[in-house]
Amino acid sequence: MDNKADVIVVGTGNAGFCAAHAAARYGARVLMLEKGPAEAIGGNTYFTAGAIRTTYRGLDELTELVVDDERHARTDIAPYTAADFGSDMDRVTLGRCDPSLTRTMVQDIADALTWMHDLGIRFRLQYERQAYEVDGRFRFWGGLPLAVVDGGKGLVAQHRRIAEREGVRIRCSTPVDRLLRDADGRVVGVGAGEQEFHAEAVVLAAGGFQANRLLRAQYLGPSWDLAKVRGTPYNTGAALLAALDAGAQPAGHWSGCHAVAWDANAPETGDFELTNRHTKQSYPLSIVVNTEGRRFLDEGAELRNYTYAKYGAKILLQPGARAFQLFDAKTAPLLREAEYQVPGITRFEANSIAELAELAGIDASGLAATVEDYNAATRPGHFDPSVKDGLSTAGLRPPKSNWALPLDEPPYLAFGVTCGITFTFGGVRIDDSGRVLDHESEAIPGLFAAGEMVGGLFYHNYPGGSGLSAGTVFGRKAGTEAGRLASTLAPAT
């Protein structure tokens, strides 16, 4: 019976585990299939910081979910409603996000997190990543105060404990490459090489194709085969292609992806020890230059949560796919410790801009001119990193729209970054229940999907933390529907 179950879940990330828990709670016998070895359980989720975007009326509502912290008494968190979440989705995707899926996600996420909490997942407020201390109080910004205790590693560990408690089986080193269908077209299992696994329903939660160089070049475009992969090396798109081969309708932004500023010395695929710490997300406080010493983006265009997932692509277009974040003595104390104090980091320090350029390998004359022009364009004003403070440059192109402090107090710091791809935006089309749709927008019987395999939510950009939100909401829905279906089809015992 090792190859039979009521529900098969392909993939062991957050979306897959949410689907497995939901199906198991419905009474289904659940088998999870992981492409990688046992240490790869968790997929891309393992490599995240564990931040998850949700809606809330204020701190009091969040404290019902999070572990106690003495800082709560000195914390300010503005309400973040479903309308706010929906507006952010619409704005950052340039109006392209699927309205029905988006509405389902933003309306259901708060209840889904309560469900996770009841299962045993523990949350915290992420002071070190999403708050600044202003006048003795911790001020959160960007609609993203919540994270799982111990980040992605902690989320996976907690999911595994719940799965074991619920009787969910996990089989590793099983690369699913096809769907099995009966004579009526119903999906009745999956194939992995010479092996076959049978079930009454299948949930695909195996991620996108970000770890496949060929598919990245084919769909994302030139030079994307050179990007470093932030997470699991096993998300190569095989399960996604299997779904398309079985008639699933493609959806979403197939030439788009989530990609960030990633340490230039990071390994080519995810670091199982340091996980998310190779990211470099304090750039709104910096100026960012390429190897020629030239700025090429507006570092302060928005709060970090609304730009970080698109700036990796801009770095990829620079010479050598490399850039540098520059800070001085004023901004260095505000850097995220977990990201900017990492073993093997690409870090340079000097007491002059000329020396910094020489150490980092930046064109000295280009950098000198850039810093001179930038400093001349800065203006007096009140600096506040917890809000869009409007402290901008005058007449500079590209501008720095907020947090524009002169770069003039040594020592100076430069951090070398490249493009780190997180996940791809193209996937299969689903309905609000997680059922996979065919080219006529009819549900494929027995087939469900969740997580990064789903297309239609994200285009061009991404509000921070909404990947785990989508995986949680649609993983739960897909698992519930798969469990319900299996209960009507499974033979009586």
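Biologist: In which loop is the place of Pro411?

Modeller: The model is a predicted one. Pro411 follows Pro410, and a cis peptide bond joins the two. The place of Pro411 is in the loop between α12 and β19.

Biologist: What is omega for the bond that joins Pro410 and Pro411?

Modeller: Most peptide bonds are trans. The bond that joins Pro410 and Pro411 is cis. Its omega is about 5 degrees.

Biologist: Which residue is joined to Pro398 by a cis peptide bond?

Modeller: Pro398 lies in the loop between α12 (364–377) and β19. The cis bond to Pro398 has an omega of about -5 degrees. The residue joined to Pro398 by this bond is Arg397.

Biologist: Is Ser173 buried or exposed, or in between?

Modeller: Ser173 sits in the loop between β8 (169–171) and β9 (178–181). Its phi is positive, about 50 degrees, although Ser173 is not a glycine. Buried means under 20% relative accessible area and exposed means over 50%. Ser173 has a relative accessibility of 48%, so it counts as partly exposed.

Biologist: What is the relative accessibility of Ser223?

Modeller: Ser223 is in the loop between α7 (213–220) and β13 (228–229). Phi of Ser223 is positive, near 75 degrees, in a residue other than glycine. Ser223 counts as partly exposed because its relative accessibility is 31%.

Biologist: Which domain annotation covers residues 6–466?

Modeller: Over residues 6–466 the chain is 26% helix and 20% strand. The end C-alpha atoms of this stretch are 30 Å apart. In the unreviewed UniProt entry, the annotation that covers these residues is "domain: FAD-dependent oxidoreductase 2 FAD-binding".

Biologist: Which element gives the largest share of the lining of the largest pocket?

Modeller: The largest pocket has a volume of about 380 Å³. Of its 20 lining residues, the closest to the centre are Ala49, Gly151, Thr275, Arg277 and Ala338. At least two lining residues come from each of α5 (127–130), β7 (146–148), α6 (151–165) and α10 (337–340). The largest share, three residues, comes from α6.

Biologist: How many charged residues are in the lining of the largest pocket?

Modeller: The lining draws at least three residues from each of domain 1 (4–249 + 429–489) and domain 2 (258–419). Six of the lining residues are nonpolar and six are polar. The number of charged residues is eight.

Biologist: Which element gives the most to the lining of the second largest pocket?

Modeller: This pocket has a volume of about 330 Å³. Tyr127, Glu128, Arg129, Ala131 and Leu334 lie nearest its centre, among 18 lining residues. Two or more lining residues come from each of α5, β5 (131–134) and α10. The element that gives the most, with four residues, is α5.

Biologist: How many polar residues are in the lining of the second largest pocket?

Modeller: Domain 1 (4–249 + 429–489) and domain 2 (258–419) each supply at least three residues of this lining. The lining has nine nonpolar residues and eight charged residues. The number of polar residues is one.

Biologist: What is the volume of the second largest cavity?

Modeller: The whole structure has four cavities of 30 Å³ or more. Residues that line the second largest include Tyr132, Trp141, Gln281, Arg304, Arg336 and Trp403. Its lining divides into seven nonpolar, two polar and two charged residues. The volume is about 100 Å³.

Biologist: How many residues apart in sequence are the parts that the pair of Tyr340 and Phe415 ties together?

Modeller: The count of aromatic pairs comes to 22. In one of them, Tyr340 and Phe415 are edge-to-face, 4.8 Å centre to centre and with 85 degrees between the planes. Tyr340 lies in helix α10 and Phe415 in strand β19 (residues 412–424), so the pair ties together parts whose separation in residues is 75.

Biologist: Why is the pair of Phe423 and Phe425 edge-to-face?

Modeller: Both Phe423 and Phe425 are buried, and they belong to one aromatic cluster with Tyr308, Phe458 and Tyr462. Planes over 60 degrees apart count as edge-to-face. The ring centres of Phe423 and Phe425 are 5.5 Å apart, and the pair is edge-to-face because the planes are at 65 degrees.

Biologist: What distance separates the C-alpha atoms of Leu468 and Gly13?

Modeller: Leu468 is in helix α13 (residues 466–489). With a relative accessible area of 11%, Leu468 is buried. Leu468 and Gly13 are 455 residues apart along the chain, and their C-alpha atoms are separated by 9.6 Å.

Methods: Residues are numbered from 1 along each chain as its sequence is written. This is a predicted model: local features need pLDDT of at least 70, side-chain atom pairs count only at pLDDT 80 or more; totals for chains, interfaces and linings use all residues. Side-chain values use heavy atoms; hydrogens and water are left out. UniProt positions are given in the numbering used here, feature names are shortened, and annotations may be inferred rather than shown by experiment. On a 1 Å grid over the protein atoms alone, a cavity is a set of points where a 1.4 Å probe fits but cannot get out, and a pocket is an open set with protein on both sides within 12 Å along at least five of seven lines; lining residues have an atom within 4 Å of a point. Grid points are joined across faces, edges and corners, and a volume is the space filled by probe spheres set on the points. Ala, Val, Leu, Ile, Met, Phe, Trp, Tyr, Cys and Pro count as nonpolar, Asp, Glu, Lys and Arg as charged, and the others, Gly among them, as polar. Domain bounds come from an automatic or database domain assignment. Rings of Phe, Tyr and Trp (its six-membered ring) pair if their centres lie within 6.5 Å; planes under 30 degrees apart count as stacked, over 60 as edge-to-face and the rest as tilted. Buried means under 20% relative accessible area, exposed over 50%, partly exposed in between (1.4 Å probe, protein chains only).
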